[in-house]
Amino acid sequence: MGKFPQAFRRAAAQSLLKTKTSSPSSAIQEQTPSPNLPYQPQKYSSSKNKPTKNNAPTTKPNAPSIIFDSPNLSDAKSIFNSLISSSRNTPSDPSFYNSILKSFSSVSSLQDSILFLNHMIKTHPPFSPNRYTYHTLLVQSCSSPDEQDLSNVHNVLNLMANSGFPPNEGSTDLALRTLCSCGREEQSIELVKELSEKNSPPDNYTYNFLVRHLVKNRSVSTVDCFLQDMKEFGIKPDLVTYTIMIDNVCNSKNLREATRLLGVLSEEGYKPDCYVYNTIMKGYCNLSHGSQVLEVYKKMQDEGVKPDHYTYNTLIFGLSKSGRVKEAKKYLQVMTELGHFPDAITYTSLMNGMCREGDALGALALLGEMEGKGCIPNSCTYNTLLHGLCKARLLDKGVELYEVMKKGDIKLETGSYGTLLRALCRNGKVAEAYEVFDYAIESKSLTDVAAYSTLESMLKWMRKAREQGLKV
Amino acid sequence: MKFLKMLPQRLKMAVVDNPKKVAELIDLVNLPTMLREFMGQSQSSQLNCFRRVWSYVKENNLQDPSNKNVVNCDEKLKSILLGKSKFELTELPVLIKLHFPKKPK
């Protein structure tokens with residue numbers, strides 16, 4: 001690590017006073033040096049509260065770096081020159097220079113970054129760039145969202161190859177992830193094909209990352225096309241890929257496609273695992289198809305796939321949701337016998353089902369059972385119960401539960417808040433409804449507006465009901 | 001049982017999603033003189049005004065001991081709520097709203 005010249009300290013000190021000036025001396029700011037550096041001047045410890053740019057790339061904690069906030073190339077060059085000429089022992093570790101380059105690349109254009117790198121290599125021979133140096137440029141070339149083609153990316157890849165660092169799997173991964181994060185999916189597909197041709201194909205993780213990103217952001221046909229094209233390079237979807245795709249179609253409620261994919265998966269010689277089945281089961285849950293949910297479970301057993309904790313939670317959720325509470329209860333038993341401990345989610349799903357059936361008291365009893373077994377209810381559990389009790393016209397029990405929630409600082413959800421208010425108003429307990437309104441705002445359960453407008457519309461409805469001669 | 005069907009289930013969501021109605025509740029408005037004295041500030045929103053009156057009622061124990069849904073006004077409250085000597089909590093939002101007339105477009 002180099003000692004920093006006087007001018008730098010002054011610059012850093014000035015930047016405390018002037019927030020942003022165009023003078024080159026304040027174009028840099030010192031990041032807080034870590035205290036474990038032996039030859040760091042003590043004065044620097046006073047500079048701990050420096051305004052550092054937070055969006056600057058994170059660097060290794062022991063590498064002091066320069067933060068550039070001006071995209072001007074010649075300024076950057078002169079700052080670098082004065083840095084190396086005035087320090088006696090500049091570090092030979094390339095990561096020091098990489099962080100400088102990274103910092104400059106975060107504000108400059110790609111062309112300027114390349115020129116700056118060349119400048120650093122030329123003026124300071126101890127610095128020999130490594131793969132990470134070029135990866136910095138690669139990220140920059142991929143990260144501009146409005147770029148129409150890959151020419152910049154190609155430039156950097158060529159530069160890498162010419163400098164003795166031909167792109168490897170790491171480069172491929174980095175480039176694709178960066179492109180995807182900027183919404184350049186089409187170009188990432190183009191690039192991955194090119195790279196596969198040039199013998200630096202993506203590995204499984206990169207490939208699956210891309211598939212996951214594409215199914216979320218592009219149409220199914222685009223993904224299919226991509227998968228087909230990749231097969232030409234010998235890259236085939238694996239079990240994880242299929243799970244990703246099945247998950248996607250299940251979320252969009254296209255269970256027919258999910259079943260088809262399950263067939264394809266078997267044809268390809270893969271055996272569906274627990275995750276695949278859980279995903280499909282979740283799909284049927286979303287559709288409230290209780291019998292199909294059970295079927296998936298049975299199929300798992302036939303195929304010898306051992307259900308896990310999530311399988312049972314999904315199963316119980318699905319059965320409860322589709323009104324088959326009795327069976328759901330049975331599986332709670334089964335689950336426990338097999339050594340999977342039911343958690344708050346399991347119980348809440350079941351309570352939800354019981355409340356839907358109107359058995360709010362049973363659900364309340366289940367709360368006791370759950371707590372007896374040492375399982376701690378969460379806010380969702382309480383809200384489900386509160387909603388159920390109020391719906392079932394068990395207002396007293398509901399209010400009791402509400403008091404428990406209030407003691408435990410548990411937030412109300414929009415649904416249960418509305419139901420509780422309605423039940424209170426219907427029973428002529430307007431003052432209590434006002435108190436609940438206060439709690440909803442105090443506990444930050446809802447926004448002021450949401451809480452108030454619910455209360456207001458409830459009172460409005462009461463007045464109307466009264467005008468029509470109904471007894472409220 | 002009839003009124004059960006009238007429940008404003010959809011209505012309440014509509015307010016939160018409607019930017020105009022939200023604005024009506026939270027926009028700061030120049031208060032009329034009598035409210036200014038009560039609130040101790042010259043600008044307020046309908047929502048804040050409501051909360052202020054309600055907390056005033058609680059702080060001064062103005063709820064009728066025999067029926068908590070009824071508030072017996074003190075002089076200060078009387079001056080801002082149409083001179084009523086008592087009102088029901090059900091009416092409060094309407095009474096507050098009177099001070100916040102809709103703006104002509």
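This report describes a predicted model with chains A and B, covering annotated regions, a cavity, the nonpolar core and selected residues.

Residues are numbered from 1 along each chain as its sequence is written, and chains are lettered from A, with ligands numbered from 1, in the order in which they are written. Local features need pLDDT of at least 70 and side-chain atom pairs count only at pLDDT 80 or more, while totals for chains, interfaces and linings use all residues; side-chain values use heavy atoms, with hydrogens and water left out.

## Annotated regions of chain A

UniProt positions are given in the numbering used here, with shortened feature names, and the annotations may be inferred rather than shown by experiment. An unreviewed UniProt entry assigns the feature "domain: PROP1-like PPR" to residues 292-461 of chain A. The same kind of record, again an unreviewed entry, places "repeat: PPR" at residues 203-237, 238-272, 273-307, 308-342, 343-377, 378-412 and 413-447 of chain A. Helices (H or I, at least four residues) and strands (E, at least two) are DSSP runs, numbered from the N terminus. The table gives values for the domain span and for two of the repeat spans.

| Span of chain A | Helix | Strand | Distance between end C-alpha atoms |
|---|---|---|---|
| Residues 292-461 | 76% | 0% | 42 Å |
| Residues 238-272 | 74% | 0% | 11 Å |
| Residues 378-412 | 74% | 0% | 12 Å |

## The cavity

A cavity is here a set of points, on a 1 Å grid over the protein atoms alone, where a 1.4 Å probe fits but cannot get out; lining residues have an atom within 4 Å of a point. Grid points are joined across faces, edges and corners, and a volume is the space filled by probe spheres set on the points. The count comes to one cavity of 30 Å³ or more, and the largest cavity holds about 30 Å³ of space.

Its lining consists of A:Phe317, A:Ser320, A:Lys321, A:Ser349, A:Asn352, A:Gly353 and A:Arg356. Helix H15 (309-321) and helix H17 (344-356) of chain A each supply at least two lining residues, and the largest share, four residues, comes from H17(A). By class, the lining has one nonpolar, four polar and two charged residues. In this scheme Ala, Val, Leu, Ile, Met, Phe, Trp, Tyr, Cys and Pro count as nonpolar, Asp, Glu, Lys and Arg as charged, and the others, Gly among them, as polar.

## The nonpolar core

A nonpolar core is a set of buried Ala, Val, Leu, Ile, Met, Phe, Trp, Tyr and Cys residues joined through side-chain atoms within 4.5 Å. Buried means under 20% relative accessible area, exposed over 50%, and partly exposed in between (1.4 Å probe, protein chains only). The largest core has 153 residues, and those with the most contacts inside it are A:Phe116, A:Phe226, A:Tyr417 and B:Leu77.

Contact means heavy atoms within 4.5 Å. Leaving aside neighbours within four places in sequence, A:Tyr417 touches A:Leu412, A:Val436, A:Phe437, A:Ala440, A:Leu446, A:Ala451, A:Thr454 and A:Leu455.

## Selected residues of chain A

A:Phe96 lies in helix H3 (residues 94-105) and is buried, with a relative accessible area of 4%. A:Phe96 and A:Phe127 are 31 residues apart in sequence, and their C-alpha atoms are 9.3 Å apart. A:Ser85, in helix H2 (residues 73-86), is exposed at 61%.

A:Phe165 is in the loop between helix H6 (151-162) and helix H7 (169-181). With neighbours within four places in sequence left aside, A:Phe165 is in contact with A:Pro129, A:Asn130, A:Arg131, A:Tyr134 and A:Met160. The C-alpha atoms of A:Phe165 and A:Pro129 are separated by 9.9 Å, with their positions 36 residues apart along the chain.

Two lysines have a positive phi. For A:Lys253 phi is near 65°, and for A:Lys444 phi is near 60°. Most residues other than glycine have a negative phi. A:Lys253 is in the loop between helix H11 (239-251) and helix H12 (255-267) and is partly exposed, at 47% relative accessibility. A:Lys444 is in the loop between helix H22 (430-442) and helix H23 (448-467) and is exposed, at 64%.

## Chain B

Chain B has six helices and four strands, running α-α-β-α-β-α-β-α-β-α from the N terminus. Of the 105 residues in chain B, 38% are buried. An unreviewed UniProt entry annotates residues 24-102 of chain B as "domain: DM2". That span is 46% helix and 13% strand, with end C-alpha atoms 8 Å apart.

How values were computed. On a 1 Å grid over the protein atoms alone, a cavity is a set of points where a 1.4 Å probe fits but cannot get out, and a pocket is an open set with protein on both sides within 12 Å along at least five of seven lines; lining residues have an atom within 4 Å of a point.
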